[in-house]
Amino acid sequence: SQQIWRLERSPLLIVLSLVVAVAFVWSAAQYGMPFLAEKIAAQLPEHSLSTLGDQAQEQLEQMTEPSQLSSARQQQLRNLYAQYFDDEQAKRIDFVKGGSLGANAFALPNGHMVLTDELVTLAKNDQQILAVMAHERGHIVLKHNLQQAISGVGISLILVWVTGDGSDLLAGIPAALLSLNYSRDFEREADQYAVTLSADRPKQ
């Protein structure tokens, strides 16, 4: 037991334990969590997607102001999207005044797509806005937003396991959905989805 006591207090052993713990967290974040997040996102029922998306949308409304775009302009952009791609999705395109969020767009798990007035104003033409909407649709269909949010919460779960300090992590998913920086792989996949969508479903 004295030998064990000495080993437990060995500086080298402590350092090695920390290295192993850090390596485990890094490996899980880099490889394990994205894989699990993809599986979890694919299995979540529609009502869960709607609930998470609705909560994120409520938080987004608190962070923004009502759109200053005219109703006619908003409907014009919805009609443009419906003309090219999807009538049902077009009904779930919303506009807000972004304020500090600036020119931005959000894809939510409940199927809603939110564009800021600033993005619409910044675009040189409606085709650029249409391209953004097609890209965001890719994130929705491929469930990138949910995967990345779940992955982020999953990493926190590992840290809780290591440190023993945690809280209700799932409650953080709606907020995480609004602060995502998509991985380059997700962005490429959404771009490819938008290109394929534009090529395969022209409804002009």
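Two residues are in contact when heavy atoms lie within 4.5 Å. The model in these exercises is predicted.

**Exercise 1. Take stock of the protein chain.**
Task: State how many helices and strands the protein chain has, and in what order they run.

Solution.
Step 1. Count the elements. The protein chain has 10 helices and four strands.
Step 2. Read them from the N terminus. The run is α-α-α-β-α-α-β-β-β-α-α-α-α-α.
Step 3. Look at burial. Of the 204 residues, 39% are buried.
Step 4. Look at the surface. The protein chain exposes about 12100 Å², and carbon and sulfur atoms supply 57% of that area.
Step 5. Look at contacts. Take those between residues at least 6 apart in sequence: 70% of them join residues at least 24 apart.

**Exercise 2. Lay out the sheet.**
Task: Find the order of the strands in the sheet, and say which strands stand at the edges.

Solution.
Step 1. Write the order. The four strands form an open sheet, β1-β2-β4-β3, with mixed pairing.
Step 2. Pick out the edges. β1 (65-66) and β3 (105-107) each have a single partner strand, so one side of each has no neighbour in the sheet.
Step 3. Turn to a parallel pair. Strand β2 (residues 93-97) pairs with strand β4 (residues 113-116) over four bridges.
Step 4. Find a facing pair of residues. Asp-94 stands opposite Val-114 in β4.
Step 5. Add a helix. α4 lies across β2 and β4, and runs at about 145 degrees to β2.

**Exercise 3. Pack α4 against α7.**
Task: Give the angle between α4 and α7, the distance between their axes and the hand of their crossing.

Solution.
Step 1. Take the geometry. The two helices, α4 and α7, pack at an angle of about 65 degrees, and their axes are 10 Å apart.
Step 2. Assign the hand. The crossing of α4 and α7 is right-handed.
Step 3. List the residues that make the contact. From α4 come Arg-73, Gln-76, Leu-77, Leu-80, Tyr-81 and Tyr-84. From α7 come Asp-126, Gln-127, Ile-129, Leu-130, Met-133, Ala-134 and Arg-137.

**Exercise 4. Trace the salt bridges.**
Task: The whole structure holds four salt bridges. Work through the pairs Asp-126 with Arg-73, Arg-137 with Asp-86, and Arg-188 with Asp-185.

Solution.
Step 1. Start with Asp-126 and Arg-73. Their side chains meet at 2.8 Å, N to O. Asp-126 belongs to helix α7 (residues 126-141) and Arg-73 to helix α4 (residues 71-84), so the pair links distant parts of the chain, 53 residues apart.
Step 2. Check the accessibility of this pair. Partly exposed covers values between 20% and 50%. Asp-126, at 24% relative accessibility, is therefore partly exposed. Arg-73 has a relative accessible area of 21%, so Arg-73 is partly exposed.
Step 3. Go on to Arg-137 and Asp-86. This salt bridge spans 3.1 Å, N to O. Arg-137 lies in helix α7 and Asp-86 in the loop between α4 and α5, so the pair ties together parts 51 residues apart in sequence. Both Arg-137 and Asp-86 are buried.
Step 4. Finish with Arg-188 and Asp-185. Their closest N and O atoms are 2.3 Å apart. Both sit in helix α10 (residues 184-200), three residues apart, so about one helical turn separates them. Asp-185 has a relative accessible area of 44% and is partly exposed.

How values were computed:
Residues numbered from 1 in each chain as written. Predicted model: local features only at pLDDT ≥ 70, side-chain atom pairs only at ≥ 80, totals over all residues. Heavy atoms only, no water. Buried < 20%, exposed > 50% of the residue type's maximum accessible area, 1.4 Å probe, protein only. Areas by Shrake-Rupley, 256 points an atom, 1.4 Å probe, with all protein chains shown as cover. Pairing = 2+ DSSP bridges. Axes fitted to C-alpha atoms, helices over the stretch in contact; angles between N-to-C directions. Left-handed = near helix turned anticlockwise from the far one by under 90°.
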